[in-house]
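Work through the following exercises with the sequence and the structure open beside you. Each task is followed by a solution that goes step by step.

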Amino acid sequence: MAESFVLKGNICYSMERDELLVREHSYVICENGVCGGVYPSLPEDFRWMECVDYGDRLIIPGFTDLHVHAPQYAFRGLGMDLELLEWLEEHAFVEEQKYADLAYAKKAYEIFTEDLVKSATTRACIFGTIHTEATLLLMDMLEKTGIKAFVGRVNMDRNCPEGLCEAGWGKAAQDTEMWLERCCGFKNVRPILTPRFIPACSDGLMRGLSELQKRCHLPVQSHLSENREEIAWVKELCPEVENYGAAYDRYGMFGEEYPAIMAHCVHSGEEEMELMERRKVFVAHCPESNANLSSGVAPVRAFLNRGIKVGLGSDIAAGSGLSMFRAMALAVQCSKLKWRLEDGALEPLKFSEVFYMATKGGGEFFGNVGSFEKGFAFDALVIDDGDMRSPQKLSVQQRLERLAYLAEDKHIAAKYVGGRKIFGIS
């Protein structure tokens, strides 16, 4: 149950993507799970609340991971010398077939959820597999952690191994609807439609999911323009569409009325970006995954210049770990390579911008999430970097930036989601 309390420490958060706000030795208010604002001294109206003084530690909003494959966590760090389509065949699809065995799924998802709790992630958009029982098991495990998440039962009915290929698009849509009916008891976890990507989903399946989306008013998550070979494949399968995004849009599954997250968007051209902007699509930028699978570097600056919504994704297991700190650092590094090697007009990302993407930018998919502005959900991380020695006197902002490059998630002292403490010291 959400509580009302006050935290004191060095508070860092964003309201706009180009500015990081730092409030040293200040107070942030939680009222029944909702942020009541940040103050340099504790207002009289809040002095009745318990105040937890975290001293010189940092207090930041929780991070949102917009794109992670839970069943792939078991083989992270493997197959990183392959490109996307070969990697899917040799690793991802082989692993995901194992989740037909509920005992294996339980063992694997226990590891995933336990590690997710210890990470800096407070909210996540998660792919399961085609297996209904295993996906419900994952949702149940996540529910008990207190982390807020969208979880999808993956749909695939073509161009995939027999063990992952659903028995016709009609049966796939029917099984997805039955899965949705069994999701009603969750409070922290919500369902999201999850067609894996266009090459694995027939026109019939996309039509069936589109009808289901309209009846149930569901968001959608999928993949877009990750790899050049993949894009050529989509053009071969859907010769009548102008671009990859349009293959989703023709079924109403590309944002606007129902929110959509599209992961990667590495090779999105002008027409596709224009459609993304118009439909208010969220981009899940996954810099480590795109590097590991030789996909390229997404034109994030171009997205931001257009006002396209961008968050960060770990993309386990093409990404090697859950740390959104690491995703922030790699987003900066990859943007510098994009600028230097491909397009000098695309200015590299700044730390303030990737911090915004990890917090408020990705958090917006969940509503008012990812900031300490009044009325936002109270998701917070307390960071203890006291053992990171330095001969210099670092500012609070420098300490936060250093965490992204050096410490990753190991310095989290406490974690709150919606006003509920998930773990940590008092």
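**Exercise 1: salt bridges and exposure**

Glu274 is partly exposed, with a relative accessible area of 33%, where buried means under 20%, exposed over 50% and partly exposed in between (1.4 Å probe, protein chains only). The model is a predicted one, in which local features need pLDDT of at least 70 and side-chain atom pairs count only at pLDDT 80 or more, whereas totals for chains, interfaces and linings use all residues. Residues are numbered from 1 along each chain as its sequence is written, and side-chain values use heavy atoms, with hydrogens and water left out.

Task: determine which residue forms a salt bridge with Glu274, and then examine how Arg306 is paired.

Solution. Begin with the criterion, by which a side-chain nitrogen of Lys or Arg lies within 4 Å of a carboxyl oxygen of Asp or Glu; by this rule the count comes to 28 salt bridges. Glu274 is bridged to Arg278, with the closest N and O atoms 2.7 Å apart. Because these two residues are 4 residues apart in helix α8, about one helical turn separates Glu274 from Arg278; helices here are DSSP runs (H or I, at least four residues), strands are runs of E (at least two), and both are numbered from the N terminus. Arg278 is itself partly exposed, at a relative accessible area of 40%.

Next, take Arg306, whose salt bridge with Glu270 has its closest N and O atoms 2.4 Å apart. Since Arg306 lies in helix α10 (residues 300–306) and Glu270 in helix α8 (residues 270–279), this pair ties together parts that are 36 residues apart in sequence. Arg306 is partly exposed at 24%, whereas Glu270 counts as exposed at 53% relative accessibility.

Finally, note that Asp56, Asp385, Arg399 and Arg402 are linked in a network of salt bridges.

**Exercise 2: a strand and its partner**

Task: establish whether strand β5 is buried or exposed, and find which residue is the bridge partner of Thr64 in β6.

Solution. First consider accessibility: 7 of the 7 residues of strand β5 (residues 63–69) are buried, so this strand is largely enclosed by the rest of the structure. Then consider pairing, which requires that DSSP finds at least two bridges between two strands; β5 is joined by 5 bridges to strand β6 (residues 121–127), and the two run parallel. Within β6, Arg123 is the bridge partner of Thr64.

**Exercise 3: the backbone in loops**

Task: identify which residues are joined by a cis peptide bond, and state where Asn159 and its positive phi are placed.

Solution. As background, most residues other than glycine have a negative phi, and most peptide bonds are trans. The cis bond joins Ile316 and Ala317, with omega about 5°, and Ala317 lies in the loop between β14 (309–312) and α11 (324–342). Asn159, a residue other than glycine, has a positive phi near 55°; its place is the loop between β8 (154–155) and α4 (169–181), and at 36% relative accessibility Asn159 counts as partly exposed. Ser294, although not a glycine, likewise has a positive phi of about 55°, and Ser294 lies in the loop between α9 (287–292) and α10.

**Exercise 4: a contact across the sequence**

Task: locate Leu218 and state how many residues apart in sequence Leu218 and Tyr258 are.

Solution. Leu218 is found in the loop between α5 (203–216) and β11 (220–224), and at 8% relative accessibility Leu218 counts as buried. Leu218 and Tyr258 are 40 residues apart in sequence, yet 6.3 Å apart in space, C-alpha to C-alpha.
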